[in-house]
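Trainee: I'm new to this one. Could you walk me through it while I ask some questions?

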Amino acid sequence: MKDEKKQTILIVDDSRTNIMALADLLKDVWAIKIATNGKDALRIAFSEDQPDLILLDVMMPDMDGYEVCKRLKAAPETKHIPIVFVTAMNQAKDEEYGLSLGAIDYITKPISPPIVKARVNNHLELKRYRDLLKENSMVDGLTGVANRRRFDEAIELEWRRALRYEHSLSLLMVDIDYFKRYNDTYGHLEGDECLRKVAITLKQTLKRPLDMLARWGGEEFACLLPDTDAESAFKVAEQLRKAIVGLQLPHESSPISEYVTVSIGVATVLPNAEMHREDLFKQSDEALYKAKENGRNQIFM
Ligand code: GH3
Ligand code: MG
Ligand code: MG
Ligand code: MG
């Protein structure tokens with residue numbers, strides 16, 4: 001399998017003894033995180049480094065396990081994390097309630113170690129497949145960069161962030177020049193190869209981890225630059241344009257260069273409540289059109 005990174009289990013229990021028993025049982029195979037109360041459990045679940053499975057005690061002071069589960073299932077960031085209750089509440093109605101909150105499993109104490117381990121293993125295997133499916137559904141098959149679906153998710157998130165923190169947000173639309181002629185000259189397979197090289201080079205040229213490149217469709221790529229003003233966006237666009245020229249991919253039927261080139265439309269907005277994401281796309285599209293009109297292999301903003 002592609003992603004063989006060790007999966008992480010978050011064990012939540014107010015009893016250290018219970019935590020140690022579970023941790024001892026599972027730590028050889030999986031990475032373990034622990035929380036001794038609901039508040040810490042939520043903090044860990046909402047962090048960047050999310051657990052793959054949560055083993056959740058029910059009876060805890062302050063916030064009980066049911067409440068923790070409700071909050072995790074209510075939030076889009078955490079609702080996909082599988083939760084297994086591990087609890088002394090062994091009445092059928094307790095189990096029914098726990099499962100009704102969205103927990104994937106319900107295990108009663110005292111636990112049988114091999115059964116817990118087997119169930120945990122099953123849940124984590126399903127989780128791994130689900131992650132892989134999600135990952136694959138977000139990647140463009142030809143170039144390996146993000147696809148439009150992932151881009152849509154990213155822009156939704158970054159738009160909200162930009163609104164909240166009053167940051168500017170920039171979008172670059174990158175389009176290969178005279179690509180139809182390229183296909184006509186070298187054939188469709190060579191065209192695919194060219195798309196791959198252009199995509200990889202664009203991606204490698206973006207330096208900040210939050211910058212996102214996606215294949216927008218055909219021979220067009222979109223590049224989202226969070227917290228980036230117009231001047232910086234223009235600089236990035238110029239780096240991208242130069243990187244593609246620098247690849248020196250022969251394009252003998254291009255009327256403007258002996259190599260493959262791109263035109264880039266740049267748009268920058270400071271989002272406010274009246275604005276819509278579509279405005280950013282419209283602006284970058286119009287800029288791209290101008291860059292083409294002005295002779296291609298250039299930036300317009
Ligand atoms: P311009 O400089 O105005 O952008 O001209 P262009 O020829 O690049 O633009 P046009 O939109 O006329 O043609 C885009 C071409 O991109 C046509 C299409 O066959 C090609 N194309 C789109 N997707 C793929 C693909 O996945 N593989 C290959 N090989 N070609 C593709
Ligand atoms: Mg307890
Ligand atoms: Mg083109
Ligand atoms: Mg195009």
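Mentor: Sure, two terms before we start: helices (H or I, at least four residues) and strands (E, at least two) are DSSP runs, numbered from the N terminus, and a residue is near a molecule or strand if its C-beta atom, placed from the backbone, lies within 6 Å of it. This is a predicted model, where local features need pLDDT of at least 70 and side-chain atom pairs count only at pLDDT 80 or more, while totals for chains, interfaces and linings use all residues. Residues are numbered from 1 along each chain as its sequence is written, with chains lettered from A and ligands numbered from 1 in the order in which they are written.

Trainee: Which element gives the most residues to the shell around ligand 1?
Mentor: The shell has 16 residues, and the closest are Asp-177, Phe-179, Lys-180, Gly-191 and Gly-218. Two or more residues come from each of strand 6, helix 7 (179-186) and helix 8 (188-205). The top contributor, with four residues, is helix 8.

Trainee: How many charged residues does the shell around ligand 1 have?
Mentor: Sort them like this: Ala, Val, Leu, Ile, Met, Phe, Trp, Tyr, Cys and Pro count as nonpolar, Asp, Glu, Lys and Arg as charged, and the others, Gly among them, as polar. The shell then has five nonpolar and four polar residues, and the charged ones number seven.

Trainee: Which residues of helix 6 are buried?
Mentor: Buried means that 20 or more other C-beta atoms lie within 10 Å of a residue's own; exposed means 12 or fewer, partly exposed is in between, and C-beta atoms are placed from the backbone. On the face of helix 6 turned away from its buried side you'll find the exposed Glu-156, Arg-160 and Arg-164. The buried ones are Phe-151, Ile-155, Glu-158 and Ala-162.

Trainee: What arc do they cover around the axis?
Mentor: The arc is that of the directions from the helix axis to the C-beta atoms. An α-helix has 3.6 residues a turn, so residues three or four places apart point the same way. Here the buried residues sit on the same side of helix 6, because their arc is only 75°.

Trainee: Is Glu-166 buried or exposed?
Mentor: Glu-166 lies in the loop between helix 6 and strand 6. It has a positive phi of about 55° although it is not a glycine. With 9 other C-beta atoms within 10 Å, Glu-166 is exposed.

Trainee: And Asn-297, buried or exposed?
Mentor: Asn-297 is in the loop between helix 10 and strand 10 (299-300). Its phi is positive too, near 50°. It has 21 other C-beta atoms within 10 Å, so Asn-297 is buried.

Trainee: Which strand gives the largest share of the largest nonpolar core?
Mentor: A nonpolar core is a set of buried Ala, Val, Leu, Ile, Met, Phe, Trp, Tyr and Cys residues joined through C-beta atoms within 7 Å. This one has 44 residues, of which Leu-172, Val-174, Ile-264 and Val-266 touch the most other members. The largest share, six residues, comes from strand 6 (residues 169-176).

Trainee: Which peptide bond is cis?
Mentor: Look in the loop between strand 5 (105-108) and helix 5 (113-137), where Pro-110 lies. With omega near 0°, the cis bond is the one from Lys-109 to Pro-110.
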